[in-house]
Amino acid sequence: MEANPPEGSAAPRPADRPAAGLFITDLDGTLLGPDRTVSAPDRRALLELGEAGVARAVATGRSIFSLQRLDLAALPVDYLIVSSGAGILTHPSGNLLRAVSLEAEEVQRAVGALLELGVDFMIHEPIPETHRFRYVARTADNPDFAARIDLYRAFARPAEEDPRTLGPATQIVAILPAGRAREGLEAVRRALAGLTVIRTTSPLDGRSTWVEILPPGVSKAGGAAWLAAHLGVPRRRTAAVGNDYNDLELLAWCPAAFVTENAPEELRRRYATVAANGRGGVGEAARRFLAALRGGKAP
């Protein structure tokens with residue numbers, strides 16, 4: 001289900017002249033360094049892209065609320081693709097351009113499957129309240145699941161009623177301990193064919209697997225495609241840089257695709273590798289993309 005922008009934050013019309021290109025970077029582990037800051041080389045490169053007329057976007061699994069806690073107001077980007085593609089905002093004004101959610105029937109189907117599989121999961125409210133969620137705990141030992149509840153204690157509540165009635169929702173997040181990741185992920189994908197199922201490494205313990213369940217077609221790649229069309233940018237003039245499995249669809253969609261040195265080896269084998277997060281990797285990718293655009297050699 002796609003929602004209209006709220007009154008007072010209508011989507012601005014694209015400029016008469018389309019952007020020269022679209023550059024999209026993941027946030028955690030890619031643009032943000034280990035200290036959660038943006039390096040000077042990365043910031044300079046983003047400014048250079050803007051001066052060249054290239055639209056710049058951050059694509060993240062974080063909610064709007066989570067991004068606000070980082071205080072990124074001065075970050076030189078034009079758009080934020082949030083909640084793994086479910087929402088798109090202008091930056092820094094925060095105008096909501098697009099919001100998509102799971103419909104009640106999709107929530108019912110997904111929750112029913114997760115209950116059968118016996119996994120721990122969280123049902124997130126629609127944008128912009130995505131940081132609020134109800135949770136269902138099915139296992140006795142899942143420290144990462146408990147840590148996420150503690151992190152959002154003010155916004156988390158147990159699902160005391162039948163969780164299958166909690167819809168619509170931005171997304172459902174299941175958390176699988178490291179020992180159950182591969183088997184659990186495949187089981188969720190089989191049970192929920194037709195919905196978007198995204199794997200990402202836990203940003204909390206770095207070992208557990210988070211499984212994000214979203215509406216059909218909603219992903220970072222889907223957000224990139226929507227934004228490119230909104231701006232009048234052809235796909236061949238897009239680029240992306242990421243560092244984890246939840247960036248795979250985005251990297252596959254953009255012809256110019258890069259991963260940082262801190263990405264898993266599997267991703268580094270598939271895509272051009274740039275420096276690690278905090279060491280100018282995003283800036284390196286941006287300058288390579290800009291050079292290709294200026295030389296007429298963009299993919």
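## The sheet

Let's start with the sheet in this predicted model: it is an open one, built from 6 strands lined up as S9-S8-S7-S10-S12-S11, with mixed pairing. At the edges sit strand S9 (156–158) and strand S11 (196–201), and each of these pairs on one side only. If you ignore direction, neighbouring strands in the sheet are turned by 25° against each other on average.

In general, the strands of a sheet pair through backbone hydrogen bonds, either parallel or antiparallel. Want an example to look up? Take strand S7 (residues 120–124) and strand S8 (residues 133–136): they run antiparallel and are joined by 4 bridges. Which residue of S8 is the bridge partner of Met122? That's Tyr135.

## Helices on the sheet

Now for the helices. Helix H4 (residues 143–151) packs on the sheet, where it touches S7, S8, S9, strand S10 (171–176) and strand S12 (209–214). The direction of H4 makes about 30° with that of S7.

Helix H5 (residues 181–191) lies across S10, S11 and S12. Relative to S11, H5 runs at about 165°.

## Where H3 meets H5

H5 also has a helix partner: its axis and that of helix H3 (residues 104–117) come within 10 Å and cross at roughly 140°. The two helices are therefore oblique to each other, and their crossing is right-handed.

So who makes the contact? From H3 it's Arg109, Ala113, Leu114 and Leu117, while H5 brings Ala187, Val188 and Ala191. Sorted by type, the contact residues of H3 and H5 come out as 6 nonpolar, no polar and 1 charged.

Methods:
Residues are numbered from 1 along each chain as its sequence is written. This is a predicted model: local features need pLDDT of at least 70, side-chain atom pairs count only at pLDDT 80 or more; totals for chains, interfaces and linings use all residues. Side-chain values use heavy atoms; hydrogens and water are left out. Two strands pair if DSSP finds at least two bridges between them. Axes are lines fitted to C-alpha atoms, for helices over the stretch in contact, and angles run from 0 to 180 degrees between N-to-C directions. Contact means heavy atoms within 4.5 Å. Angles under 35 degrees count as roughly parallel, over 145 as roughly antiparallel, 65 to 115 as roughly perpendicular and the rest as oblique. A crossing is left-handed if the near helix is turned anticlockwise from the far one by less than a right angle, and right-handed if clockwise. Ala, Val, Leu, Ile, Met, Phe, Trp, Tyr, Cys and Pro count as nonpolar, Asp, Glu, Lys and Arg as charged, and the others, Gly among them, as polar.
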